[in-house]
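Dear colleague,

Please find below the structure that I agreed to pass on to you. My notes on it follow directly after.

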Amino acid sequence: MAETWDEQRLIAGGFRRVYAEFEWYDGPRAGLADVDGRPHYFQGYDYDHADESDEYLVWPAGEAAVVLEREQWAIFVGWNQRSEAGEAGPESHPDLGRVDARYDELTRLLAPHRQPAEGARRLVGELGFDAGDRYRADGPDYWFRWHPGR
């Protein structure tokens, strides 16, 4: 298991908050995180090369998109809490579609924002973990420290 740090140690170490995770496959593949003090989308640069799995394309997220992303994330977190409590099964996962009308609407509204923007930067994302719950309203339990791409 990865070492966990408290929030102050993460921030002092240059790590920045992740607000939402859209995809996880052997690590975070897409989501919303702070880069240079502002929320940015991140997307794994190359799924096919394990030696480059820590490289991401990042591009700024507009304020309105961030509000919608956090709303959708809160819907997912609520479902996850119910699921872990045994009150909801995998068939009710909001990402399946036709389960939560607002979640579906947000998916449609956010789709264009989640596509890499022209001028997206290529950065290396180093992970740091906190000791909080895996999924919670303020984001997942991991943070990124960003470095210039290779």
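One aromatic cluster is formed by W24, F42, Y56, F129, Y142, F144 and W146. Please bear in mind throughout that the model is predicted.

Two members of this cluster, Y142 and F144, are both buried. W24, another member of the cluster, has R134 lying over its face, at 4.7 Å from the ring centre. A second arginine is placed in a comparable setting: the charged end of R114 sits over the ring of F22, 3.7 Å from the ring centre.

Aromatic pairs come to a count of 16. One of them joins W73 and F76, whose ring centres are 5.3 Å apart; their planes stand at 40 degrees, so this pair is tilted. W73 and F76 are 3 residues apart in helix 2, which means that about one helical turn separates them. Both of these residues are buried. For Y142 and F144, the ring centres are 6.1 Å apart and the planes stand at 85 degrees; because an angle over 60 degrees counts as edge-to-face, this pair is given that name.

Helix 2 spans residues 63-84, and Q72 lies in it. Is Q72 buried or exposed? Its relative accessibility is 3%, and because buried means under 20%, Q72 counts as buried. A polar atom of the Q72 side chain lies 3.1 Å from the backbone oxygen of Y103. Leaving aside residues up to four places away in sequence, Q72 touches Y103, L106, T107, L110 and R114. R114 is also the residue whose charged end sits over the ring of F22.

Several of these partners lead to helix 3, which covers residues 101-110 and has Y103, D104, L106 and L110 as its buried residues. Viewed down the helix axis, the buried residues of helix 3 fall within an arc of 160 degrees, so they line one face of the helix. Which parts of the structure do the buried residues of helix 3 pack against? They pack against helix 2 and against strand 4, residues 38-44. On the face turned away from the buried side, helix 3 carries the exposed residues A101 and R108. At the start of helix 3, the backbone nitrogen of R102 has a side-chain oxygen of D100 within 3.0 Å.

I would suggest viewing the aromatic residues before turning to the two helices.

Yours sincerely

Technical notes: Residues are numbered from 1 along each chain as its sequence is written. This is a predicted model: local features need pLDDT of at least 70, side-chain atom pairs count only at pLDDT 80 or more; totals for chains, interfaces and linings use all residues. Side-chain values use heavy atoms; hydrogens and water are left out. Helices (H or I, at least four residues) and strands (E, at least two) are DSSP runs, numbered from the N terminus. Buried means under 20% relative accessible area, exposed over 50%, partly exposed in between (1.4 Å probe, protein chains only). A polar contact is a pair of N or O atoms within 3.5 Å; within protein, one must be able to donate a hydrogen and the other to accept it, and residues adjacent in sequence count only if both atoms are side-chain atoms. Contact means heavy atoms within 4.5 Å. Rings of Phe, Tyr and Trp (its six-membered ring) pair if their centres lie within 6.5 Å; planes under 30 degrees apart count as stacked, over 60 as edge-to-face and the rest as tilted. A charge sits over a ring if NZ of Lys or CZ of Arg is within 6 Å of the ring centre and within 35 degrees of the ring normal. The arc is that of the directions from the helix axis to the C-beta atoms.
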